[in-house]
Amino acid sequence: MADVKGRVAVLSGDGIGPEVMEATLQVAEAVENSHGFKLEWKKGLVGGAGIDAKGKALPEETLELCKSSTAVLFGSVGGPKWESLPPNEQPERAALLPLRKIFGLYANLRPAVLYPELAGCSPLRPERVAGGFDVLVVRELTGGLYFGQPKETVKKGAGERAVDTMAYETHEIERVTEVAFRAAAGRKKKVTLVDKANVLESSLLWRKTVKALAARHPGIALDFIYVDNAAMQLVRDPGRFDVLLCENLFGDILSDEAAAVAGSLGMLPSASLGQGTFGLYEPAGGSAPDIAGKGIANPIAQILSLALMLEMSFGQPTAAGAIRSAVAGVIRDGWRTADIAAPGEKSRSTREIAGEIARRVASGSGKR
Ligand code: NAD
């Protein structure tokens, strides 16, 4: 048995969360069996489910569970039932934001992959995405305009004056840049820093810091692009990028743009990382209340979040690769949930898709 140990906090949350999580745990079991390791999976309540059962979106016992775990596999939180609560008690704000803060999750990884077979799901013209693409947005998550001080609105003359501050320190840039370079090493070995160095002081510090760190990663190509041009190139030719490294605001916008051009939210995982191996892994989409409970949600975003977790928190790239290959194979062979099915194409349930992915992982046809 491989020497892999650790506990995973399994927080399914609301809406489609429990359905896609159940499906994902089936794949987890298959990959454990086929790769000879066993993790401890412990479930906790979060989001609306936490509010209903314990009065809090992040109940104490859930937080303790996360603190005693190597990683958190997160579903999604929120839904109409809790929308009338005060903003600070809303599931996303009261569960995800504290988790990011408590665990110092400063790097957000959002791979946006379009499989060639799903080129029709992209809103881009077929000739632009015929071969598919695979872009990774690495977003700084705890600094910049969202947190910089001063941040205030004050009276001024007959009106008001509002200020947000985009501030970065060298060490904040360095740690997320390291994540981007390490990620690029396992991909096409190219990092593109997205900035606005022609007008922003903070962008100049980003360029200087990233250039200095690049010297430690001679195998990785580094280039630079202004954020306005990056937004344009993502819709003209997303395949030209490998890893896009972004400060917080630019990454927030571009990661959603990359997700949009990739076609379906149901396919895209994400990872939020801090120091060490701890990470929180979740689908890029939300709780999809419009389809919750119908058994038709796409489980692939959650399943690929599992793959990211095995790779980044448990050092299991082979197991992660087996899951990704099984997903790619299932897509290649025409298995589709409703969100990615072409008009008239047969669609499968959440369970059917996950069952087929698990079967391929177990039989080794998911292995590279
Ligand atoms: P959403 O991502 O939940 O849904 C947007 C659209 O994408 C819907 O049509 C939905 O059916 C579809 N979709 C999303 N994931 C899918 C999947 N796996 N399979 C098939 N289709 C999928 O966004 P929304 O509708 O704006 O938000 C719904 C709720 O989710 C809100 O309460 C919001 O606050 C919450 N939310 C939570 C998170 C999170 O937990 N991290 C993130 C975003 C939104």
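1. The shell around the ligand is mixed. Its residues divide into eight nonpolar, eight polar and four charged. In this predicted model, 20 residues surround the ligand. The closest are Val77, Glu92, Gly286, Ala288 and Asp290.

2. Which atoms of glutamate 92 come 2.6 Å from the ligand? An N or O atom in the side chain of glutamate 92 lies at that distance from an oxygen atom of the ligand. Glutamate 92 is also one of the closest residues of the shell.

3. Two further contacts involve nitrogen on the ligand side. Glutamate 282 places a polar side-chain atom 3.1 Å from a nitrogen atom of the ligand. Asparagine 298 uses its backbone: a polar atom there is 2.9 Å from a nitrogen atom of the ligand. On its own, the ligand has 800 Å² of accessible area, and the protein covers 68% of this.

4. Now the aromatic rings. A pair of aromatic rings is described by the distance of the centres and the angle of the planes. The count here is two aromatic pairs.

5. Phenylalanine 103 and phenylalanine 278 make a stacked pair, because their planes stand at 15 degrees and the limit for stacking is under 30 degrees. Their ring centres are 4.3 Å apart. Where do these two rings sit in the chain? Phenylalanine 103 is in the loop between helix 4 (91-102) and strand 4 (107-114). Phenylalanine 278 is in the loop between strand 11 (269-273) and strand 12 (279-283). The pair therefore ties together parts that are 175 residues apart in sequence. Both phenylalanine 103 and phenylalanine 278 are buried.

6. Tyrosine 168 and tryptophan 206 have ring centres 5.2 Å apart. Their planes are at 85 degrees, so this pair is edge-to-face. Tyrosine 168 belongs to the loop between strand 7 (159-165) and helix 6 (170-185), and tryptophan 206 to helix 7 (residues 201-214). The pair links distant parts of the chain, 38 residues apart.

7. Are tyrosine 168 and tryptophan 206 buried or exposed? Tyrosine 168 has 9% relative accessibility, so tyrosine 168 counts as buried. Tryptophan 206 has 3% relative accessibility and also counts as buried. The cut-off for buried is under 20%.

8. Charges over rings deserve a look too. Arginine 175 has its charged end over the ring of tyrosine 106, 4.3 Å from the ring centre. Arginine 348 lies over the face of tryptophan 335, and the distance to the ring centre is 3.9 Å.

Conventions. Residues numbered from 1 in each chain as written. Predicted model: local features only at pLDDT ≥ 70, side-chain atom pairs only at ≥ 80, totals over all residues. Heavy atoms only, no water. Near = heavy atom within 4 Å. Polar contact = N/O pair within 3.5 Å; in protein donor to acceptor, adjacent residues only side chain to side chain. Areas by Shrake-Rupley, 256 points an atom, 1.4 Å probe, with all protein chains shown as cover. Nonpolar A, V, L, I, M, F, W, Y, C, P; charged D, E, K, R; others polar. Phe/Tyr/Trp six-rings, centres within 6.5 Å; stacked < 30°, edge-to-face > 60°. Helix = DSSP H or I, 4+ residues; strand = E, 2+ residues; numbered from the N terminus. Buried < 20%, exposed > 50% of the residue type's maximum accessible area, 1.4 Å probe, protein only. Lys NZ or Arg CZ within 6 Å of the ring centre and 35° of its normal.
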